[in-house]
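The exercises below ask you to read backbone geometry, strand pairing and surface composition from coordinates. Each task is followed by a solution that proceeds step by step.

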Amino acid sequence: MIRKIKGTYDILPDEIGKWHELEAVIRNVSKLFNFQEIRTPMFEASELFHRSVGETTDIVKKETYDFEDRGKRMNTLRPEGTASVVRSVIENKLYADPNLPLKLYYYGPMFRYERPQKGRQRQFHQFGAEIIGSDSPLVDAEVINFAATFLEALKIKNINIRINTLGDAESKEEYQKALNEYLEKNIQHLCDDCNRRYQENPLRVLDCKVDKGSETLINAPKPINYLSDKAKIHFDQVTMALDSLGLDYQIDENLVRGLDYYTHTVFEIDSDLETLGAQSTLVGGGRYNNLYASLAGPDLPAMGFAFGVERLLLALEAINQEPVNDYIHCYFINLSDIFQTDALKIINDLRHGGLIVDYDFFNKNLKAQFKQADRLNPVYLLIYGDEEAKKQVVNVKRQDTKEQVEVDVNNLYQYLINGISNRNCGGGCDSCDGC
RNA sequence: GCGAUUGUGGCGAAGGGGUUAACGCAUCGGAUUGUGGCUCCGACAUUCGUGGGUUCAAGUCCCAUCAGUCGCCCCA
């Protein structure tokens, strides 16, 4: 048996409904905030991710799916969405839009080569948003508010918004110097992982889970204390805007993020819902003012976030939503010789009128067709055999009342829609009355 | 990359050396050939992830390997 690739999974028909619902909320809330969707390719030149996400990050060092194509070019399946959006904005010169800032969102699969566990897959989905072209603190607040409002729309309530600032390039440099000096003297008090981080990415020592609460970490210098005047004003205004919005958030001085491109505001929202397992971060994001210039684009400030869609679905599981009862409008029980009667035409005419109709393909006996009907949960059973065919009628049985009526074939559609409120045709056919 | 844990029918499971691999759900057939859901009867794993080994005898013990799950790292 050929099996699926590790870390991938099939979304089966009985699960697709919740995806559709979630995708609808993404579209609706994005519309409210006036974000437009952008769809970029799922793979790009490897260099794009190496230069944007950062050569020293774990994502690029050990988690990308790289492959050489037949023209000997190195390609990478996208591990995140921001880099592609940046590339596309530069390449298509979207920044020339007179109506800046650009407000874009994306939704789709991402790929990281990791060991799968609850809430983490090798092919997973992100919903992300970016505001490009403004360094206003209002933009930072807008992005955070968008994320929070989206969770509210999903009715996910057990959330915890944490924000921090890394400052501008100047502040970051000052801070890194101070941190390195401190760690040089104190690293021996920290865990093995921190000793490794100290070599590779010292910032990440700050949010170590093991040493969280230790003296060494508590006394370590924090980015927020090394802000330039400009950076400090920026962050203050972000928090003022969040306060005006009435958002409940905490400043987490240890919050740093794993991608190199962040400057100024960073944020995460996590949830303690038990169905999430160990991966409780629903969304992460921040400002990245230097990324456009570093990818040879114009000097555009920007801010964005990315949600892990699988984690959202796990969170929604905890809110134990009643599954919607699936149903069809009619199950057509055929007892005639289907090739000799107009049974197929009757079925198809109803479908053209916007009714969901299904029937048996196995030439089953009456009892078996009834059983199949029970599984499909129809509003009406339509029973049609040689007698009915001769008289040009259909025996129509309503499932909730069990009442059965003989209806002339010519009046069948009208009879059925009088008893059905929710049709499904999309309005594209000749017989449609605009349902 | 590291650690823990689990692989027995379509699904959920019992069996922890002894020859016939429980049981439940689902499915199919019949009682009941054009009026179903309940009930009753019957059918349904030449075989226990895969490959070796130990043994008179292996789902059962040993080794290897593959896969799933959860966690670490890291991240959404």
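A residue counts as buried if 20 or more other C-beta atoms lie within 10 Å of its own, as exposed if 12 or fewer do, and as partly exposed in between, with C-beta atoms placed from the backbone. The model to which this is applied here is a predicted one.

**Exercise 1.** Determine whether Asn 363 is buried or exposed, and do likewise for Asn 377.

*Solution.* Begin with the backbone: Asn 363, although it is not a glycine, has a positive phi of about 55 degrees, and it is placed in the loop between β13 (357-359) and α13. Next apply the cut-off: Asn 363 counts as exposed because it has 10 C-beta neighbours inside 10 Å. Turn then to Asn 377, which is likewise not a glycine and has a positive phi of about 55 degrees, and which lies in the loop between α13 and β14 (378-384). Because Asn 377 has 12 C-beta neighbours inside 10 Å, it counts as exposed.

**Exercise 2.** Find which peptide bond from Leu 100 is cis, and state where Pro 101 is placed.

*Solution.* The bond in question runs from Leu 100 to Pro 101, and its omega is near -5 degrees. Pro 101 itself belongs to the loop between α4 (82-91) and β5 (102-111).

**Exercise 3.** Work out the strand order of the open sheet of 3 strands, and describe how helix α2 packs on the sheet.

*Solution.* First, the order is β2-β4-β3, and the pairing is antiparallel. Second, β2 (43-45) and β3 (65-68) are the edge strands, each of which pairs on one side only. Third, from one strand to the next the twist averages 30 degrees. Fourth, β2 and β4 (residues 74-77) run antiparallel and are joined by 3 bridges, with Phe 43 standing opposite Leu 77 in β4. Finally, helix α2 (residues 46-53) packs on this sheet and touches β2, β3 and β4, while its direction makes about 80 degrees with that of β2.

**Exercise 4.** Characterise the surface near RNA strand B by its residue classes, and identify which helix gives the most to that surface.

*Solution.* Of the 54 residues around RNA strand B, those that come nearest are Lys 118, Gly 258, Gly 277, Gly 308 and Gly 385. Sorting the residues of this surface by class gives 23 charged, 15 polar and 16 nonpolar. By element, helix α13 (residues 366-376) gives the most, with 7 residues.

How values were computed
Residues numbered from 1 in each chain as written. Chains lettered and ligands numbered in written order. Predicted model: local features only at pLDDT ≥ 70, side-chain atom pairs only at ≥ 80, totals over all residues. Pairing = 2+ DSSP bridges. Helix = DSSP H or I, 4+ residues; strand = E, 2+ residues; numbered from the N terminus. Axes fitted to C-alpha atoms, helices over the stretch in contact; angles between N-to-C directions. Contact = placed C-beta atoms within 7 Å. Near = placed C-beta within 6 Å. Nonpolar A, V, L, I, M, F, W, Y, C, P; charged D, E, K, R; others polar.
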